[in-house]
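User: I am new to reading protein structures and would like a close look at a single part of this one. Could you walk me through it slowly?

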Amino acid sequence: MSIENTAPETVPAGAPADATGLADATEAAVRPRPGELQMAAPRRPKPPRHLADLTAGERREAVAALGEKPFRAKQLSVHYFDRLVADPAQMSDLPAASRDRLVGDLLPSLLSPVRVLECDGGATVKTVWKLFDGALVESVLMRYPQRATVCVSSQAGCGMNCPFCATGQAGLTRNMSTAEIVEQVVSAARGLAHGAPAGTADGVPDAGAFPGATTAATLGLGDESDESGEGDDEDGGTPAERALRRARVSNVVFMGMGEPLANYRAVVGAVRRLTDPRPDGLGMSARGVTVSTVGLVPAIERLAGEGLPVTLALSLHAPDDELRDELVPINTRFSVAAALDAAYGYFRATGRRVSIEYALIRDVNDHAWRADRLGTLLNQRGRGWVHVNPIPLNPTPGSRWTASDPRVQDEFVARLRAHGVPTTVRDTRGREIDGACGQLAATAG
Ligand code: SAH
């Protein structure tokens, strides 16, 4: 089965079209019927091409096609990926005439912040972004003492229709481009560098005027140079440059809106841009990246062969097909056994321990026997290849479901551990701002 969403599909009836004939994406998605899957993304005008869509070689070609010297591609990459700058006024190493041409062509603005919401004392920040066609997506920045994690969206909406997930209820508007995904991370990094929420910062000020430097440096955010082996020179450069190096995003999780593996090409491109060494990309460690999926088996198999050792998270939510068919409708195509086999194959190919996501829903999937069944299924495939992340359900508006009783949750965890399966309940940040797992619905109001 094809997992690439390139198949043409008619734009839903009633989707508005503007005077240019381009469909506007603001009201495009159609609410799916229960259990209905939307495998192919609606065909829509593509977002403008951006530096982050291109490999280093493609950038040189693009720059040459503009009549510029190919080495300008590298200069532009340093500005965007290393300095986090997209403002031509701050690119003093480029001749004035070239700047506007290069920035105009290769650094179009892709995301505009619509709303920025904070909670956890400012440690969690959700940004609602408007894309070029009006589609709305969300990203969440979570700061921890030693790291900073960005939860990114990979599609506007989602076609997987999981009934407990707010995003799934709204249907799929369109796939995001590689650069639209990467921009969420770059914006968050700018926010960290400024000590300000993502979406409020636009470019990094020149050395000297750098209000967030102390904050970022004090918190030591994103400094994972030991893991990535990038060996930052802590002594080099101005205070602003040093703070910028420290204000790096250490982790990116594809757990925002959308099913990343249903937008395979753009997501793998984004992972490459995040992990490409600077200045070709952000220079992150692949170990800091987690791709979460409902279990699109062919795509998991393909990902295992990419040579990108990202962490795979499988959203299982039930160990039996009968219940999983309802909770994760893709299960009607790829069963529990098939999804687990693919996840185990991923571990075998990459050596990366797989995460099993399990939203605990009161009296629906939280029974002790289901914990036992899950433990057995995991151990049948091997030991030490997997850990389980139970997530207390974040109830979505209008849902008849709620989180499990804490004692039931404890018992569920204890049973899995008794099977020898490492199990940690996921810390869910951002509940009050509808920024926690499954709450991203992207309303501008
Ligand atoms: N499409 C991907 C990414 C989705 S969001 C996937 O399904 O894996 C990341 C995680 O949040 C998934 O495990 C998803 O099942 C979970 N989730 C969705 N809605 C939730 C909710 N209301 N409460 C708790 N977790 C939820």
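To set the scene, what percentage of the 445 residues in the chain do buried residues make up? After that, please take me to helix H9: which of its residues are buried, and what do they pack against?

Analyst: Happy to help! Please keep in mind that this is a predicted model. Buried residues make up 51% of the 445 residues in the chain. The chain has 14 helices and 11 strands. Among contacts with a separation of 6 or more, 71% join residues 24 or more positions apart.

Now to the helix you asked about. H9 covers residues 264-275, which makes 12 residues. From its first C-alpha to its last it reaches 16 Å, close to the 16 Å expected at 1.5 Å a residue. In H9, 10 of the 12 residues are buried, so the helix is largely enclosed by the rest of the structure. If you want to find them in the viewer, the buried ones are Tyr264, Ala266, Val267, Val268, Gly269, Ala270, Val271, Arg273, Leu274 and Thr275.

What surrounds them? The buried residues of H9 pack against three strands and two helices: strand S6 (172-175), strand S7 (251-254), strand S8 (289-293), helix H5 (178-194) and helix H10 (297-304).

Let us follow H5, beginning with Val182, which sits in that helix. Val182 counts as buried, because it has 29 C-beta neighbours inside 10 Å and 20 or more are enough for that label. Leaving out residues up to four places away in sequence, Val182 touches Ala52, Ala270, Arg273 and Leu274. Of these partners, Ala270, Arg273 and Leu274 are also on the list of buried H9 residues. Here is a general point that helps when you look at a helix: an α-helix has 3.6 residues a turn, so residues three or four places apart point the same way. Val182 and Ala270 also show how the chain folds back on itself in space: they are 88 residues apart along the chain, yet their C-alpha atoms are separated by 5.8 Å.

A second residue to try is Val185. Beyond its neighbours within four places in sequence, Val185 is in contact with Val150, Val152, Val249, Val252, Leu274 and Leu282. Leu274 of H9 therefore appears among the partners of both Val182 and Val185, where a contact calls for C-beta atoms within 7 Å.

Val185 leads to a wider picture. The largest nonpolar core has 113 residues, and Val185 and Ile300 are those with the most contacts inside it. H5 gives the most to this core, with 9 residues. Domain 1 (51-106) and domain 2 (112-444) both give residues to the core, so it lies between them.

Ile300 takes us to H10, the other helix that H9 packs against. H10 has a helix beside it as well: the axes of H10 and helix H12 (residues 336-350) come within 9 Å and cross at roughly 5 degrees. H10 and H12 are therefore roughly parallel to each other. On the H10 side, the contact is made by Val297, Ile300, Glu301, Leu303 and Ala304. On the H12 side, the residues are Ala338, Ala339, Ala342, Ala343, Gly345, Tyr346, Ala349 and Thr350.

Let us return to H9 and step off its end. The loop between H9 and S8 holds Pro279. The peptide bond from Arg278 to Pro279 is cis, with omega near 5 degrees. As background, most residues other than glycine have a negative phi, and most peptide bonds are trans.

Two other loops are worth a visit for their phi angles. His317, in the loop between strand S9 (311-315) and helix H11 (321-327), has a positive phi of about 70 degrees although it is not a glycine. His317 is buried, with 28 other C-beta atoms within 10 Å. Asp120, in the loop between strand S1 (112-119) and strand S2 (124-130), has a positive phi too, near 50 degrees. Asp120 is partly exposed, with 15 other C-beta atoms within 10 Å.

Asp120 also has a partner that is distant in sequence: Glu432 is 312 residues away along the chain and 8.9 Å away in space, C-alpha to C-alpha. Glu432 belongs to the segment after helix H14 (406-418), and it is partly exposed, with 13 other C-beta atoms within 10 Å.

Methods
Residues numbered from 1 in each chain as written. Predicted model: local features only at pLDDT ≥ 70, side-chain atom pairs only at ≥ 80, totals over all residues. Helix = DSSP H or I, 4+ residues; strand = E, 2+ residues; numbered from the N terminus. Expected span 1.5 Å × (residues − 1). Core = buried A, V, L, I, M, F, W, Y, C linked by C-beta atoms within 7 Å. Domains from an automatic or database assignment. Axes fitted to C-alpha atoms, helices over the stretch in contact; angles between N-to-C directions. Parallel < 35°, antiparallel > 145°, perpendicular 65-115°, else oblique.
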